Amino acid sequence: MYTIAIANHKGGVGKTATTHVLGTVLAATTGRRVLLVDMDPQSSLTGACGVTDAAGASMTEVLGGALAGTLPLRRAIRHLDEGLALAPADLSLSGAELGLVSRMGRENVLRRALADLDGAYDLALIDCPPSLGLLTINALSAAQAVLIPTQAQIVDLRGLRLFLDTLEQVRQEINPTLETLGILLTFFDRRLTHHRDAMDTLLRTGQPVLEVQIGRSVKVAEAATIGETVVTYDPENPQTQAYQELAKVVDGWLRERHA
Ligand SMILES: Nc1ncnc2c1ncn2[C@@H]1O[C@H](COP(=O)(O)OP(=O)(O)O)[C@@H](O)[C@H]1O
Ligand SMILES: [Mg+2]
């Protein structure tokens, strides 16, 4: 199983939407068996997948806190669609994160839980919380690659610098082979000078910005409120096309790695 973390400690940059839509498109178009993993206590991914009753069988019970988890990951997983499943979260995950602080091997708890799945999935996409705490570190430790959504504004780029430094530390201390799949510009509008400037700045400083960007459409947010993605909710929407392009880029990345 190949594992991609979708991460950025900034909130509202499209991590959850990217995880949900990308995972759904990859499952539908590439035949891969995709597992979405919700590592955010705010559990927006779980909500967007239409799951409302995760309490008691969620990532909290899988990861545990100060003590080891009590539920094998496979028993927390919900089937969503052909080739698509979800490991849900709920608010209690924030308590689990606090407990993890005192746990031996605390950075590797998710990696060990995923290893238990034993060939049932081809791809795991991990939706990270908007922080640099142990839940995000666990995701970066478990992943082979990280996809970094960011808005194209100067304040976001400053935050991005901090995130990229953290990635470097994770590589040095925990996961030396972690690759950067790319930086994904979200809420991107090519007509806005400051968006183009931010993109140019990233490219000029040699950052791995993906050639595809996601623009803003209210249909992306609307779809999530009814457990759908923009791809089925509004097939003709330009953002449907953008997410399909993103899925092609990620599919290419995976093929190059025989995943
Ligand atoms: N391309 C988009 N166009 C419009 N709204 C979006 C888009 N992507 C995400 N949203 C909405 O913006 C908000 C933040 O996105 P979200 O994916 O939850 O970000 P994060 O997970 O980084 O906090 C959510 O309400 C979401 O539905
Ligand atoms: Mg989110």
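This passage walks through the fold of one chain, from its overall form to a few individual residues.

The model described here is a predicted one. The chain holds 12 helices and 7 strands. A good place to begin is its overall size. Along the principal axes, the C-alpha trace spans about 50 × 40 × 35 Å. For a chain of 259 residues, a compact globule would have a radius of gyration near 18 Å, and the value of 17 Å found for this chain agrees with that. Of the 259 residues, 45% are buried. Contacts tell a further part of the story: among those with a separation of 6 or more, 76% join residues that are 24 or more positions apart.

The interior can be followed through its nonpolar core. The largest such core has 75 residues, and those with the most contacts inside it are Ala5, Leu125, Ile126, Ala139 and Tyr243. Leu125 makes a helpful example to find in the structure. Leaving aside residues up to four places away in sequence, Leu125 touches Ile4, Ile6, Thr19, Leu22, Gly23, Val34, Leu36 and Val37.

Three of these partners, Val34, Leu36 and Val37, lead to strand β2, which covers residues 34-38. All 5 of the 5 residues in β2 are buried, so this strand is largely enclosed by the rest of the structure. Its side chains are shared between two directions: Val34, Leu36 and Asp38 point one way, while Leu35 and Val37 point the other way, and all are buried. Strand β2 also has partners. With strand β4 (residues 84-87), β2 runs parallel and is joined by 4 bridges. Within β4, Ala87 is the bridge partner of Val37. Strand β5 (residues 123-127) likewise pairs with β2 in the parallel sense, here over 5 bridges. In this pairing, Val34 stands opposite Leu123 of β5.

The surroundings of ligand 1 come next. In total, 17 residues surround ligand 1, and the closest are Lys15, Thr16, Ala17, Val220 and Ala221. Two elements, α1 (15-30) and α10 (218-225), give two or more residues to this shell. Helix α10 gives the most, with 4 residues. By character, the shell divides into 8 nonpolar, 7 polar and 2 charged residues.

A few single residues reward a careful look. Asn138 sits in helix α7 (residues 134-142). Is this residue buried or exposed? With 28 other C-beta atoms within 10 Å, Asn138 is buried, because 20 or more are needed to count as such. Its contacts, not counting residues up to four places away in sequence, include Glu107, Val109 and Leu110. The C-alpha atoms of Asn138 and Asn108 are separated by 5.8 Å, although the two residues are 30 residues apart along the chain.

Two loop residues deserve attention for their backbone angles. Ser43, which is not a glycine, has a positive phi of about 50°. This residue lies in the loop between β2 and α2 (44-48). Ser43 counts as buried, with 26 C-beta neighbours inside 10 Å. Phe187 is not a glycine either, and its phi is positive at about 50°. The loop that holds Phe187 runs between β7 (179-186) and α9 (193-204). With 20 other C-beta atoms within 10 Å, Phe187 is buried.

Conventions: Residues are numbered from 1 along each chain as its sequence is written. Chains are lettered from A and ligands numbered from 1 in the order in which they are written. This is a predicted model: local features need pLDDT of at least 70, side-chain atom pairs count only at pLDDT 80 or more; totals for chains, interfaces and linings use all residues. A residue is buried if 20 or more other C-beta atoms lie within 10 Å of its own, exposed if 12 or fewer, and partly exposed in between; C-beta atoms are placed from the backbone. Two strands pair if DSSP finds at least two bridges between them. The radius of gyration is taken over C-alpha atoms; the globule rule is 2.2 Å times the number of residues to the power 0.38. Two residues are in contact if their C-beta atoms, placed from the backbone, lie within 7 Å. A residue is near a molecule or strand if its C-beta atom, placed from the backbone, lies within 6 Å of it. Ala, Val, Leu, Ile, Met, Phe, Trp, Tyr, Cys and Pro count as nonpolar, Asp, Glu, Lys and Arg as charged, and the others, Gly among them, as polar. A nonpolar core is a set of buried Ala, Val, Leu, Ile, Met, Phe, Trp, Tyr and Cys residues joined through C-beta atoms within 7 Å.
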